[in-house]
Amino acid sequence: MNGESPVERPAAALFEDVVGQDRAVAQLAAAARRPVHAYLLHGPPGSGKRAGARGLAAALLCPDGGCGACATCRRVLAGSHPDLVVVERSGASLDVDDARTAAARAQRRPLEADRQVILVPDVHLAGPAVPALLKTVEEPPPATVFVLLADDLPAGLATIVSRCVQIPFAAVPPAVVSAWLVARGVDEGVAGAAAAASGGNLDRARLLVHDAGFATRQERWRSVPARLDGTGSAAVAVATELLGLAEDALVPLREEHARELTSLEEQAEASGARGIPGRRQVEERHRREERRWRTDDLRMGLAALAGVYRDRLTALVAAGGPRNPGADAERRRAVAHVEAVGAAAAALGRNVQEGLLLEALLVELSGMAD
Ligand SMILES: [Zn+2]
């Protein structure tokens, strides 16, 4: 040692978009220093796998082991370096043609760097393409590193999993999502709510922040107790409004889905295909995502509502005062409110009719009105 602090390679800057994944980042950095021929980054949507893969690719292609500052690093991170080849699926699933594309690109020599990285996202959707993909990954051409991404690991993927070094990603903790948003200039209140609603998915959190209706929806949910006047008709009216808000919440997601279809159409046209291959499956996935999104939005609303009752309870407890039957009853009511909302949130995932569930909850809360 000459006293100078050693230069960190790969530089931490390469992974600055990978949030709350210290273990995965350490594994990626180790991989960059002693690469093998295939990696599988797996974890839930929005956990930062793509950003991690780009950081790894930059470290592998950079002449200085991933300095984070040179033109190579910058172009790889921006997705514009010719030796980072991204094989996006051309339809609903990653099909045999996509796997062949990956194989063909792998045979090519690197254009600029000493190596090339073939990045294949959505490997959990490989299905019938698994054998073709496996063959490619198993017979690595020299100077080629495969980086596969998967949201989960279905049983059919077992052979591929066994041929790759696995790097697991976890859902990002809400506090980390929130801090990440605040660091990007998002208002703290909006960041906290978006983080809580994101389910640890950074992509979703980002969408929520740009969802103009998000703050309004939260406010409508928080004003529910004030709008319940003890009558069933008010409860039903509020429930109807809240369901409508959950529909409004789908707008940004539907816009994103429309953009995806447009881009698939353009790809199909460019390759001379008539229409998007597997269009029905794409649309089916979109419907599934919309259902899940809607349920998540209702859950987030219920969390906001529970927060109002919890604040009330906290205030009652803090106010203290002499014990008397009136104050005790008020506290018990606040506890019952919090519990009722919690029970409804728990029931949401159980395939219940969401409209009926909400109405029943609001009627119940009305009956406990204060
Ligand atoms: Zn560099």
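**Gly-230**

I started at Gly-230, which sits in the loop between helix 11 (224-227) and helix 12 (232-248). The model is a predicted one, and I read every entry below with that in mind.

I asked whether Gly-230 is buried or exposed. Gly-230 has 12 C-beta neighbours inside 10 Å, and the cut-off for exposed is 12 or fewer, so Gly-230 counts as exposed. I then looked at Gly-367, which is 137 residues away from Gly-230 along the chain. The C-alpha atoms of these two glycines are 5.9 Å apart.

**The chain as a whole**

I noted the overall figures next. The protein chain has 16 helices and 5 strands. Its C-alpha trace spans about 80 × 65 × 35 Å along the principal axes. Of the 370 residues in the chain, 37% are buried. I also looked up how contacts are spread along the sequence: among those with a separation of 6 or more, 74% join residues 24 or more positions apart.

**Pro-10 and Cys-67**

I checked the segment before helix 1 (22-33), where Pro-10 lies. The peptide bond from Arg-9 to Pro-10 is cis, and its omega is near -10°. I wrote this down because most peptide bonds are trans.

What is Pro-10 paired with at 6.1 Å, C-alpha to C-alpha? The partner is Cys-67, 57 residues apart from Pro-10 in sequence. I found Cys-67 in the loop between helix 2 (49-61) and helix 3 (71-77). Leaving out residues up to four places away in sequence, Cys-67 touches Ala-11, Cys-62 and Cys-73. Cys-67 has 19 C-beta neighbours inside 10 Å and therefore counts as partly exposed; buried would take 20 or more.

**Helix 5 and the loops on either side**

I went through helix 5 (residues 130-138) for buried positions and found Leu-133, Thr-136 and Val-137. These three lie on the same side of helix 5, because they cover an arc of only 95° around the axis. An α-helix has 3.6 residues a turn, so residues three or four places apart point the same way. On the other side of helix 5, I found Lys-135 and Glu-138 exposed.

What do the buried residues of helix 5 pack against? I listed strand 1 (38-42), helix 4 (96-107), strand 4 (144-150) and helix 6 (158-163).

I then looked at backbone angles in the neighbouring loops. Most residues other than glycine have a negative phi. Asp-122, in the loop between strand 3 (116-120) and helix 5, has a positive phi of about 60°. Asp-122 counts as partly exposed because it has 17 C-beta neighbours inside 10 Å. Ala-143, in the loop between helix 5 and strand 4, also has a positive phi, near 70°. With 15 C-beta neighbours inside 10 Å, Ala-143 counts as partly exposed.

**Helix 7 against helix 9**

Two packed helices are described by the angle between their axes and the distance between the axes. I looked up both for helix 7 (residues 174-183) and helix 9 (residues 202-209): the angle is about 50° and the axes are 11 Å apart. Helix 7 is therefore oblique to helix 9. The crossing is right-handed.

Which residues make the contact? From helix 7 I noted Val-177, Trp-180 and Leu-181, and from helix 9 Leu-202, Ala-205 and Val-209. By class, this contact has 6 nonpolar residues, no polar and no charged ones.

**Helix 14 against helix 15**

My last entry is on helix 14 (residues 279-319) and helix 15 (residues 325-348). Their axes come within 9 Å and cross at roughly 165°. Angles over 145 degrees count as roughly antiparallel, so helix 14 and helix 15 are roughly antiparallel to each other. I recorded their crossing as left-handed.

On the helix 14 side, the contact residues include Leu-298, Arg-299, Leu-302, Tyr-309 and Leu-313. On the helix 15 side, they include Glu-330, Arg-331, Val-338, Gly-342 and Leu-348. By class, I have 15 nonpolar, 3 polar and 5 charged residues for this contact.

Note on methods:
Residues numbered from 1 in each chain as written. Predicted model: local features only at pLDDT ≥ 70, side-chain atom pairs only at ≥ 80, totals over all residues. Axes fitted to C-alpha atoms, helices over the stretch in contact; angles between N-to-C directions. Helix = DSSP H or I, 4+ residues; strand = E, 2+ residues; numbered from the N terminus. Parallel < 35°, antiparallel > 145°, perpendicular 65-115°, else oblique. Left-handed = near helix turned anticlockwise from the far one by under 90°. Contact = placed C-beta atoms within 7 Å. Nonpolar A, V, L, I, M, F, W, Y, C, P; charged D, E, K, R; others polar. Arc of directions from axis to C-beta.
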